[in-house]
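Trainee: I should like to learn how to read an interface and a binding site in a model. May we go through one together?

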Amino acid sequence: MGMSAGYHLAKRGMSVLLIDAFDPPHEEGSHHGEPRLIRHAYGGDATYVSMALRAHALWQELEQLTGTTLLVPSGVLNMGAPDVYPFEERLAYASLFKLPVELLSAADIAYRWPGIRLPEHYRGLYEPKAGYLFSERCVGACRALAVEHGAAILPYTKAESVQVSPDHVSIRTSNGVFHAEQVILSAGAWFKTLERFVELPIRPVRKAVAWFEADEALYDTSVFPGFTLADDEGGYYGFPSIGGSGVKIGRHDTGAVWRPGEALEPFGAYPEDEGDLRAALGKFLPQAAGRLLRGAVCKYEITPDEHFIIDRHPAYPNVLLAGGFSGHGFKFSIVVGEILADLIAGHKPRHDLTPFALSRFKKELIS
Ligand SMILES: Cc1cc2nc3c(=O)[nH]c(=O)nc-3n(C[C@H](O)[C@H](O)[C@H](O)COP(=O)(O)OP(=O)(O)OC[C@H]3O[C@@H](n4cnc5c(N)ncnc54)[C@H](O)[C@@H]3O)c2cc1C
């Protein structure tokens, strides 16, 4: 989010300093272990659909500007038991925004993608124009363009405290104190390290993902889409095998709490790291439940309602907060950066930010 905001701000000719505790893209946040799904037919709020469409266009623009492949329109198939994973709201938004989507039966799905085996009553919502993003490349592309447009970057520099007056913000870091008219804080799973300044209802959680050897004829990216999958035992998402990578799968709904500063336990520390993922593949994508090729751990930062926080600090309008992306924010990062740049410039954002307002949490915010 920060790198994207830096790109949009620098492109508008603003004076930008990007401060990061590590050297993005890196493995200490939420953006590594690419790819990431980009879906358009969201539920929850129409804002997500308008933001997803804008994000798609901006990622394509970034691809052209950098000459790098960032987005692969592989299609995304959402599947599940109708009572657990209803599609009605998504279908309504799809119709409102004229998104091409197909509602499919389990038999339709088995015919089209013989690598998928679903109980008879399951359904699928297929989005042919959705796909996946190479997230680390995306962060690198934003960084390169931000720097090209004149942004300065300070890697390995930890923001330690923030002091604010009406027209001035000072950030004390491990590399000195920096001053600005306005500041964006987007610390991902690390917001607790800024808790003396702002306390957000964000729960950082350890997540495990893994790549499994798969029958390439069934699951290669040329023939198989990205997917989400939910039944009464859990929610999963995954990707086709990309250049022989194997099928990548992750579980959305579980994960151990992580405290910033603690070492993140490696993949395999818990039997369910591999066990849950292998079980889901065995059940629904059986020829993709082969040898474990690779495992990785990453972090979600979850708000109580799993909606984002994009707002001004309630006490300091010259400080913007962008966090709590709850395991589904990456696709939007390019448009979140644009929104943040609009707010910094004093323009009305092109999207309704009501679902992301801090006021919805009331007493949970202490500043
Ligand atoms: C396993 C996994 C799968 C996911 N799948 C998807 C998906 O398919 N689709 C999707 O859209 N999203 C997905 N997401 C979510 C998405 O990746 C995140 O929502 C997104 O990366 C959050 O971006 P961020 O900028 O808030 O956090 P980060 O990318 O973590 O960036 C925060 C940055 O702040 C820096 N920082 C933190 N504290 C400080 C400090 N005190 N001083 C200086 N710098 C600091 C960090 O070093 C880091 O670089 C997934 C996430 C995970 C973990």
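Mentor: Let us begin with charge pairing. In this predicted model, the count of salt bridges between domain 1 and domain 2 is zero.

Trainee: Which kind of polar pairing does the rule find across the interface of domain 1 and domain 2?

Mentor: A polar contact is a pair of N or O atoms within 3.5 Å. Four residue pairs, both members at pLDDT 80 or more, are in polar contact across this interface. By class, the side of domain 1 that touches domain 2 comprises three nonpolar, six polar and three charged residues.

Trainee: How many residues of each domain are in contact, and what area is buried between them?

Mentor: Contact involves 12 residues of domain 1 and 10 residues of domain 2. The buried area is about 990 Å², and carbon and sulfur atoms give 62% of that area.

Trainee: Where do the two domains lie along the chain, and what distance separates their centres?

Mentor: Domain 1 takes in 2-29, 136-199 and 306-360, whereas domain 2 takes in 81-127 and 204-302. Their centres, taken over C-alpha atoms, are 30 Å apart.

Trainee: Turning to the ligand, which residues come nearest?

Mentor: There are 31 residues around the ligand, of which Asp 20, His 26, His 31, Leu 37 and Lys 331 come nearest.

Trainee: Which polar backbone atoms should I inspect?

Mentor: A polar backbone atom of Ser 186 is 3.4 Å from a ligand oxygen, and one of Gly 327 is 3.4 Å from a ligand nitrogen. For Gly 329, a backbone N or O atom lies 3.2 Å from an oxygen atom of the ligand. Of the 1000 Å² of accessible area that the ligand has on its own, the protein covers 95%.

Key. Residues are numbered from 1 along each chain as its sequence is written. This is a predicted model: local features need pLDDT of at least 70, side-chain atom pairs count only at pLDDT 80 or more; totals for chains, interfaces and linings use all residues. Side-chain values use heavy atoms; hydrogens and water are left out. Domain bounds come from an automatic or database domain assignment. Contact means heavy atoms within 4.5 Å. Buried area is the accessible area (1.4 Å probe) that two parts lose on being put together, summed over both. A salt bridge is a side-chain nitrogen of Lys or Arg within 4 Å of a carboxyl oxygen of Asp or Glu. A polar contact is a pair of N or O atoms within 3.5 Å; within protein, one must be able to donate a hydrogen and the other to accept it, and residues adjacent in sequence count only if both atoms are side-chain atoms. Ala, Val, Leu, Ile, Met, Phe, Trp, Tyr, Cys and Pro count as nonpolar, Asp, Glu, Lys and Arg as charged, and the others, Gly among them, as polar. A residue is near a molecule or strand if one of its heavy atoms lies within 4 Å of it. Accessible areas come from the Shrake-Rupley method with a 1.4 Å probe; for residues, only the protein chains shown count as cover.
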